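Trainee: I am new to this structure and would be grateful for a close look at a single part. Could you choose one strand, describe its pairing, and then lead me outward to its surroundings?

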Amino acid sequence: MSTTNETIQDHGQHHHKDLAHHFDTLEQQHDANTLGMWAFLLTEVLFFGGLFAAYTIYRYKYSAMFEEASNHLDITLGATNTVILILSSLTMALAVRCSQTGNSLWTGRWLLITIAFGLMFLGVKYVEWKHDYHIHLMPGKDWSGKDWWHWQYAKKAKEMDTHGKGAGHSYPDKKDVIADNDPSLGVRGIQESQQARLFFLLYFCMTSLHALHMLVGFVLIGIIAYFAYQGAYSPEYYSPVENIGLYWHFVDIVWIFLFPLLYLLGAHMGH
Amino acid sequence: MFEEFKWLPEQASTIAPEVDMLTLFIVIVTVLISLLVGVLTIGFAVAFRRKSESYIPAPWFGCIPLEIGWTLIPVFICLIMFTWGVKVYSNIVIPPADAMELYAVGRQWMWKIQHPEGQREINALHVPIGRPVKVTLTSEDVIHCFSIPAFRIKQDVVPGRYSSLWFQATKTGTYQLFCSEYCGTEHSRMIGKVIVMEEADYQKWLSEGAESGSALQGRKLYTKLQCVTCHTGNAEAKAPNLEGIYRKHIPISHIDGVKIKDGTKVFADDSYIRESILYPNAKVAAGWESIMPTYQGLVTEEELLQVIAYIKSLNQGQTPPRTEETPTPAIIQNKNPSKEVN
Amino acid sequence: MATVSLESKTFEKFPDIVGRHDEVNYLNHDHSVASWLFTLDHKRIGLLYLVTITLMFLLGGALAGAIRLELLTPKGDFLTADTYNKAFTAHGIIMLFFFLIPSIPAVLGNFVVPLMIGAKDVAFPRLNLFSYYLYFAGSVIALTALLLGGVDTGWTFYTPFSSTYSNSYVVVMASGLFVVGFSSILTGLNFIITVHRMRCPGLTWFRLPLFIWAIYATSVVQLLGTPVIAVTLGLLGVERVLGVGIFDPRLGGDPILFQHLFWFYSHPAVYIMILPSLGVTSEVIATFSRKNVFGYHIIAFSSIAIAVFGFIVWAHHMFTTGISPYAAMVFSLLTFSVAIPSGIKVFSWLATMYGGSISFDTPMIYAFGFLGLFTIGGMTGLFLSTLGTDIHLHDTYFIVAHFHYIMVGGAIMGYMAGIHYWWPKMTGRMYSEFWGKLSAGITFIGFNFTFFPQFILGYLGMPRRYYEYPDEFQVLNVFSSAGASILAIGYIMPLFYMTYSFFFGEKASSNPFGASTLDWTNTTSPPSPHNFEKTPIVTEEPYHFHGKEAAVVNH
């Protein structure tokens, strides 16, 4: 490859204040930044993809227990969270729009409102997880194990007794639980408990990873909101806002996949 | 060390010459192409060495016939290798129907072999010459690999499932048995000997110091573990009759608690029997309630193999009687109302 | 400004009008430590990587030395079994993740890619520095795992041994790999955007040098494959800490699932290791044959093809695990498909040499070695993609020999070729040709002595990862260890003569080898901090040797 006598005089030209030194034009910089964010999101798809793959394989291997376990997740809270997150994507899109039209004040405001929605989401998750911890569904040392089978059995027995009186999603009292020395229990149900525990492990792994991405998102959105208030963004240079928007929408889409896969497996009927 | 040095392993099984022939073909291809590349590299380097700093060679952008040639010829050779490889592979993995069956359990860091007639061995495998032998393998802990280089076979031994390999020995002698999947500290010491004997010698070896056969041990377990209380084989049975079920197609009604299409059948091989003992809900026989408890944690892999050996041998009318020592289990006495509870 | 006559067919010795070392260049413009540690200059970042990965290479090499020393005798007499197991695990992890995967992309890619495409830097310089510190942090964590007591699972971390039975520092090591994985991902991302958006005017895709195509293909693999190993190691860590049965069958898990997830990345990873070397070879052969690369488009496409096919062959590592024979057949056939583009490259390079004007500088000697050893390594892969023979050869020393031929005989030789080729550009100095050629020769001889006997050992049935072995394997093991000592000398020598040249070597002109690519023709040796003053405009296909590849840089 060779050069001709022509070269471009590129020192001494007027540099836009937002143009990084290694780029030639604002447009090139914008394209590079956007393409970079899309490439990064592609890696995130594969990152979550590994977990989704493991989940899919076990979901088909242990379909009955996974459905049972899924029924223990609160579908109302999950749906609420889905709505919250979609709203946050709306406010994020509005923030991007404002940055494109040079409205610094509202760029910052919409970004902060997005964070607020995100925090609400995490608040709901906290409520959910606290409840799960309380009833020993966290797949650590505290896992209910044998209790899982007890509840399944006792819950069904209770439902049979109430003759379908709209038995709520309630957990039986200690007195309703089958005694530990009942000869019909013991080793039976260990395998089901293992499968249910696997569901909850995957549930916590996937939603934790998602929550972690949200936390990182808060930090980044916060920084960009700060710069937005300082008037750093303009119709010529708004790509940081646009790119954080891409990231946030991706976080939203991951949840849109997680919600049906994790919460909507079983029929959730009569629970 | 020089006395024992070998270039090539012994060919001691029916499959070994096939594998070696295929190898030879690939070796020839490899040597020819490597030589070609080597000779051309050195040849061109010498022939076209730089003689003058001012000489600029004319560019050569491509030559379609040449490129097609050096693409298609390798494709052709690869297809030959692939097809030939599949042929040899299918001979390696498909055992003949009449193969004699042995069982091997791998654990850190030893091999435990069980003959159906009762002989048990550790880190040794006696087999007769000229008869196909199929070894069913499982692990008690981590993944191992049962490998006999002289036979050119190996198979990973995975915990939680059965795998198998087969061979037919063609030469008497003693051969190496290696563990070929890294399994911890003493992985290099998990080796054994495969001793191939004439048929007469093998029969003599079998009859010496054999314990009662696997199937007989299995029968003892069949009563001790209370299988016989439900699988009674008569009209009061609460569980299917196991006589003669081995390698039959069994109609099943539920998989993991989910009702399935009528008429679905499962092939009752070793794996299915093992699965039914450890995960009774996995495939429930049609027409029966799923009330069988699981034996996870109550049987070792070896005991499982013995029970399976017994069930395989169980013919019509041979189910042992239930006695006072094996009363009806409580679950049946409680008369549980719900079918779904399991 | 020197004019270049397009009609000229004669070739004059380059007038060294530039490259004077009293000039300001990227090395000497700021000597402070902070200017190195916080640099955003892709060239300096490349050198930071060079120093760090060389240290890791020496550590990995020392571990190899310990292994070969133990294997001189059939009994375990030099190391305990556990120490040996930790040694080969550490050797594998360090060489793969901390040496081979970064080597060419992080050192040569960082240095050369912007120069070669007429850019001032990579697309995201701060991300580039961050990638380096991720690599550094990952190395520190991995070394911590070793110092704490090491890992004994093998670099493949197979479950349930690694998830339940191993008593070693698996989680610490997995964390180190997790971190260094992100270094790899972000480097790949940086290069992809750089090649897409930072090419100088006139530099269309099919005017790019083949090194750029190779780096681009590598970057795509890094980007898409590495997240999967990150998540797999994450799940492994979770299982070890929480005791949940994702991979342990006693708890309802599937150990083979781990292998699928693991190899889904780890097979493409080996293409991350070899693709850049293939790119370097194209550059070196073109320059030192003074001729264009034969079949340019095909070679460019073959790099992409190798990257793509690399993702669909992973289960050829699992033929003996009990996967269905039909699946095995599919993966076997697909694996053959990767051999074809590699073969096309080798033949095209030979055609490039044909009719050329070949000089035997050190980079070219390494390239010759590469051609031979990569061919042998690739062909021995055929034994392994063929199902009938793989069963016998799986997990034996044949596999060890095969991958060392590709990774050492191939990838490392390519790396050495690249280092020797771009050294004058990076440092502004020439090394001693005598010592360079001698090292190349010693390395070649030592390498073959070390690894060729292992093919035979493998066919004889000697399993991998054995520290004790039956007596009949000793002769070949002794050969192999003897070869290893020669190989070690071949690798240690460059440390001396290259370092010497950095301080005392003859000063290099801007284009001492007469290369045709922008990295040589458009910059001084060493380059100025922002590479060049005037952005070049490209008007021709690559590898067009006019006769006066003098530098046209002016100040």
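**A strand and its surroundings**

Mentor: In this predicted model, Met100(B) stands opposite Val133(B), a residue of strand S5 of chain B. That pair belongs to a longer arrangement, for strand S1 (residues 100–107) and strand S5 (residues 132–139) of chain B pair in the parallel sense over 7 bridges. S1(B) has another partner in strand S2 (residues 110–114) of chain B, and here the pairing is antiparallel, with 5 bridges. Within this second pairing, Arg107(B) stands opposite Met110(B) of S2(B). S1(B) and S2(B) form a hairpin, and 2 residues lie between the two strands.

From the strands we may pass to the domains. The domain assignment of chain B gives domain 1, covering 100–207, and domain 2, covering 214–321. Taken over C-alpha atoms, the centres of domain 1 and domain 2 of chain B are separated by 27 Å. Where they meet, 10 residues of domain 1 of chain B are in contact with 9 residues of domain 2 of chain B. The strands described above return at this point: S1, S2 and S5 of chain B each supply at least two residues of the side of domain 1 that touches domain 2. By class, the residues on that side of domain 1 of chain B divide into 4 nonpolar, 4 polar and 2 charged.

A loop of chain B also deserves attention. Asn123(B) lies in the loop between strand S3 (120–122) and strand S4 (124–128) of chain B. Asn123(B) is not a glycine, although its phi is positive, at about 60°. As for its surroundings, Asn123(B) has 15 other C-beta atoms within 10 Å and is partly exposed.

A residue of chain C offers a parallel case. Asn531(C), likewise a residue other than glycine, has a positive phi, near 75°. Asn531(C) lies in the loop between H16 and S3 of chain C. Is Asn531(C) buried or exposed? Asn531(C) has 24 C-beta neighbours inside 10 Å and therefore counts as buried, the cut-off for that class being 20 or more.

The loop between helix H16 (518–521) and strand S3 (534–538) of chain C also holds Pro526(C). The peptide bond that leads from Ser525(C) to Pro526(C) is cis, with omega near -10°. Another cis peptide bond runs from Thr159(C) to Pro160(C), with omega near -5°. Pro160(C) is placed in the loop between helix H4 (125–148) and helix H5 (161–165) of chain C.

Let us now consider how chain B meets chain C. In this interface, 75 residues of chain B are in contact with 78 residues of chain C. Several elements of chain B each supply at least two residues of the side that touches chain C, namely helix H1 (16–47), helix H2 (64–93), strand S6 (144–148), strand S7 (153–157) and strand S9 (173–179). The largest share of that side of chain B, 15 residues, comes from H2(B). By class, the side of chain B that touches chain C has 43 nonpolar, 19 polar and 13 charged residues.

The nonpolar core comes next. The largest nonpolar core has 313 residues, and of these Leu202(A) and Ile212(C) touch the most other members. Helix H3 (residues 81–116) of chain C gives the largest share of this core, 22 residues. Domain 1 (100–207) and domain 2 (214–321) of chain B both give residues to this core, so the core lies between them. Thus the domains from which we set out are met again here.

Leu202(A) leads us to chain A. Leaving aside neighbours within four places in sequence, Leu202(A) is in contact with Ala54(A), Tyr55(A) and Tyr58(A). The secondary structure of chain A comes to 7 helices and 1 strand, and from the N terminus on its elements run β-α-α-α-α-α-α-α. Of the 271 residues in chain A, 36% are buried. Among the contacts in chain A with a separation of 6 or more, 78% are between residues 24 or more positions apart.

One helix of chain A may close the account. The buried residues of helix H2 (residues 63–70) of chain A are Met65(A), Phe66(A), Ala69(A) and Ser70(A). These residues cover an arc of only 140° around the axis, and therefore lie on the same side of H2(A). In an α-helix there are 3.6 residues a turn, so residues three or four places apart point the same way.

How values were computed
Residues numbered from 1 in each chain as written. Chains lettered and ligands numbered in written order. Predicted model: local features only at pLDDT ≥ 70, side-chain atom pairs only at ≥ 80, totals over all residues. Contact = placed C-beta atoms within 7 Å. Helix = DSSP H or I, 4+ residues; strand = E, 2+ residues; numbered from the N terminus. Nonpolar A, V, L, I, M, F, W, Y, C, P; charged D, E, K, R; others polar. Buried ≥ 20, exposed ≤ 12 C-beta atoms within 10 Å, placed from the backbone. Arc of directions from axis to C-beta. Core = buried A, V, L, I, M, F, W, Y, C linked by C-beta atoms within 7 Å. Domains from an automatic or database assignment. Pairing = 2+ DSSP bridges.
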